[in-house]
Amino acid sequence: MIHELKAKDLAWRCPVSWLPKKDSTSIKPASTIVAQDRAVDAIGFGLAMRGIGFNVFVTGMSGTGRLTTIKSFVEKLAEADDKPDDICFVFNFRKPEEPSAIFLKAGAGCRLKDGMEGLIEELSTSLPAIVNDREFRSRIDRAVEPLQRQEREAIEAFEKEVGDAGFVLVQVQAGLVTRPEILPVVEEQPVPLEKMAELVEAGTLTTEDVDRFRETHNKLSEKFRDVFQEVAEIRRMVQDRVEDVRRKLLQPSFDSAVKRIRKDVADPRAYPYLDDVANDLGENLGLFMISEEDIPLDGDRFLRWRVNLVVDNTDVSGRPVVMETEPSYTNLFGTIERTLTQSGEAATSLMRIRAGALMRANGGFLVLNADDLLMEPRVWPGLKRALKYRRVQIQSLESLVLGAALLKPEPVPINVKVVIIGSRAIYDLLYRHDADFPKIFKVLADFDTVLAKSKGHARDVLSVLRRVTLNEGLRELDRSGMAAMLEEAVRVGGWRRRFSSRFSDLADVLREASYRAGLESAKRVSGEHVAGARKARRRRNSLTEDRTHEFISEGVVRVETRGSVVGQVNGLAVYDLGHHRFGKPSRITAQVGLGRDGVINIERQAGLSGPTHDKGVGILTGFLRGTFARQSPLTMSCSVTFEQSYGGVDGDSASSTEIYAILSAISGLPLRQDIAVTGSVDQHGNVQAIGGANEKIEGFFRVCSERKLTGSQGVMIPKSNVKDLHLSDEVVAAVDDGIFHVWAVGSISEGIELLSDRPAGVWSKKKESWSDGSIFATCQNRLDEMVRQMRKAAKSTDKNGPAKNQAENEIDTKSTM
């Protein structure tokens with residue numbers, strides 16, 4: 001039965017009992033997101049689980065409170081736990097190219113760093129003074145005096161032997177250096193061996209004297225090498241003894257300084273490193289003796305004793321919560337910075353190791369955005385490795401690309417919960433095509449875009465808006481303002497039975513309404529301010545809609561709103577621009593003639609029909625076959641199209657409209673043009689729900705109102721869409737005044753009766769025909785006549801026996817639909 005809707009059926013009005021008695025000041029602001037119990041439970045489960053891979057992937061539309069929920073939930077969970085450890089990188093005394101990572105309790109890392117800096121400053125000031133002290137040097141001199149005496153005795157004994165043999169030990173200049181040389185003495189003058197021949201010619205020496213000098217020189221040279229080695233060994237022993245004495249004299253000072261650091265740090269995990277520091281200080285005293293002039297501008301002589309505190313949790317309250325908004329590789333995993341030396345070479349050190357978000361979130365929570373994460377090169381594979389093996393390997397970006405690493409820090413073990421926020425499409429894509437994804441993101445938290453309409457949820461919506469009001473200093477809502485915001489929540493949700501949970505969109509309406517109230521110097525935001533904000537926003541975003549309706553009002557795009565036409569019905573479509581949605585009527589026409597092509601989808605032939613629209617055409621073909629091919633074959637050619645539509649067409653919401661146009665074209669009966677139609681259909685002729693009912697009704701209402709309402713105009717929708725309606729105040733007022741109408745139908749029969757003012761028809765099993773005078777009977781008669789005409793045409797055009805029989809057989813047995 002056709003049901004004409006009343007004004008009260010077209011929009012939801014908030015009951016007064018759902019509202020506070022005065023204004024929104026009595027509403028307690030929401031402390032967390034509301035009405036997302038399923039998602040909140042999933043997040044709580046994932047973050048509480050200790051097993052590997054229980055990280056959380058959060059899906060849902062933006063504006064539903066995903067980020068707010070995660071942030072508040074994680075921060076609340078983090079406050080209940082202890083702080084995680086600090087992370088430091090220190091010099092590896094055994095493998096300098098592999099800095100070591102040390103975990104220390106929160107705050108101990110800072111104390112270790114400060115303690116080592118203080119030690120370096122103290123020693124760099126005190127050690128040179130101590131070493132240059134007279135008593136200190138005297139003790140060193142006494143320790144090495146026996147060795148120095150042994151060195152002098154060895155040299156003196158050799159020099160005596162050289163002199164007794166008639167030779168002398170002299171220093172010969174060789175370029176920039178001097179070297180010792182043994183030369184024979186002739187007439188009390190040292191003479192090089194190469195000049196002996198000249199003395200023989202002069203008669204000063206004989207050949208026998210020269211041979212004797214050469215033989216003695218060779219023996220002395222061999223002994224000189226032995227003495228030289230002995231002296232070098234003694235000098236090495238002197239140096240070792242000096243270092244040993246220095247170490248013994250200074251080691252108590254080193255141990256005492258390191259002991260103070262141990263006591264201050266108070267974490268046994270630092271003790272092995274501090275023991276190594278105490279030993280290394282004694283072995284590298286020379287670094288404190290270098291003068292400032294000899295230190296390179298880009299050098300750090302004390303680098304081996306410095307501490308790089310990469311993660312400092314001193315001021316963290318509970319477990320860390322890191323929300324990384326720019327998850328590049330270096331931001332997420334850390335890096336090793338490089339500098340250029342004076343010579344232009346790349347250099348780095350352990351002090352240039354930088355921690356990424358994964359390390360900063362160690363022991364806590366890391367929140368990432370899926371879109372940002374997947375757009376960064378190398379980040380997704382790196383994150384999977386880190387979560388699978390639970391460690392982070394810090395590398396410089398250059399080493400990743402070029403493969404050359406100056407430093408390879410020790411991998412840092414991590415224990416972090418990762419929460420990724422993304423769309424359901426990204427989740428499904430990763431789940432299907434990435435084998436590692438289900439293993440490392442085992443928990444899905446899916447945020448809904450709507451919540452059931454109830455008094456409790458109404459208070460929840462108002463509590464969220466109250467929080468926005470307080471946080472941003474907006475004006476409070478009065479009762480009419482609260483009612484208007486709840487009605488807007490229904491409108492945004494798209495269902496009259498649901499509130500929208502896209503609170504960011506509702507908050508934007510609230511902000512604009514508060515702004516408009518401020519322009520009027522109003523103390524409270526009223527329903528008029530909310531309506532004004534909604535109207536202003538629509539005007540800002542409706543340029544495309546206005547231009548579209550201008551084409552209709554100017555006749556460029558033909559849309560009939562009066563009279564009756566055969567084979568033509570006003571269909572309704574929704575245009576979604578992202579920031580704005582609006583409805584637009586368009587003519588759907590059908591033409592029927594003899595033939596065997598069935599229903600011809602012109603949009604499909606033009607490549608403008610989407611798969612869902614193609615399916616709808618196939619379904620309506622099934623309806624026609626089941627309705628009119630019960631006794632005789634259904635033979636016709638019927639084209640159907642959206643007139644003046646030059647873009648793609650998809651969806652099945654016009655399939656009932658197309659059936660009405662086809663029935664009109666077959667029967668020759670005109671259909672009302674003051675009624676626009678929407679609704680999908682099944683093969684049994686039941687009209688089914690569609691989307692965008694509000695926008696479609698308002699779109700046709702605008703066309704009619706711009707041409708002046710006649711009182712008979714309206715829209716026909718599926719009965720199953722009635723509970724989704726939340727129309728604008730203008731449409732509701734027009735329906736209430738009886739100058740515009742909205743009808744709800746459940747079947748094609750009901751719809752065609754409204755459009756044609758004639759009965760659809762009832763099938764009589766006894767007569768095996770449709771009731772007399774009905775639309776379906778008229779269509780059946782026309783189709784039967786078309787079959788007879790096709791047979792007659794076949795007989796007249798082909799008089800050959802086999803060909804004639806074949807043509808008749810085709811007409812008798814082949815259904816083209």
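In what order do the 8 strands of the open sheet run? The order is β1-β33-β32-β29-β24-β25-β27-β26, and the pairing is mixed. Its edge strands are β1 (3–4) and β26 (598–601), each of which pairs on one side only. Here, two strands pair if DSSP finds at least two bridges between them.

This is a predicted model, in which local features need pLDDT of at least 70, side-chain atom pairs count only at pLDDT 80 or more, and totals for chains, interfaces and linings use all residues. Residues are numbered from 1 along each chain as its sequence is written, and side-chain values use heavy atoms, with hydrogens and water left out.

**The whole chain**

Let's step back for a wider view. The chain holds 28 helices and 35 strands; these are DSSP runs numbered from the N terminus, with helices (H or I) of at least four residues and strands (E) of at least two. The C-alpha atoms fill a box of roughly 160 × 85 × 50 Å along the principal axes. The radius of gyration, taken over C-alpha atoms, is compared below with a globule rule of 2.2 Å times the number of residues to the power 0.38.

| Item | Radius of gyration |
|---|---|
| Compact globule of 817 residues | near 28 Å |
| The chain | 48 Å |

Of the 817 residues, 48% count as buried, meaning under 20% relative accessible area with a 1.4 Å probe and protein chains only. Contacts (heavy atoms within 4.5 Å) often span the sequence: among those between residues at least 6 apart, 76% join residues at least 24 apart.

**Inside the sheet**

Now back to two of the strands. Strand β29 (residues 675–677) and strand β32 (residues 714–718) pair in the parallel sense over 3 bridges. Val 677 stands opposite Met 716 in β32. In general, strands of a sheet pair through backbone hydrogen bonds, either parallel or antiparallel.

**A loop and a helix**

Between β32 and α25 (729–736) lies a loop that includes Asp 724. Is Asp 724 buried or exposed? Asp 724 is buried, because its relative accessible area is 11%. Leaving aside neighbours within four places in sequence, Asp 724 touches Gly 494, Trp 495, Arg 496, Arg 497 and Asn 694.

Further along comes helix α26 (residues 748–756), which is mostly covered, with 7 of its 9 residues buried. Among the buried residues of α26 are Ile 748, Ile 752 and Leu 755. Right after α26 comes Asp 757, with a positive phi near 60°.

Definitions and conventions. Buried means under 20% relative accessible area, exposed over 50%, partly exposed in between (1.4 Å probe, protein chains only).
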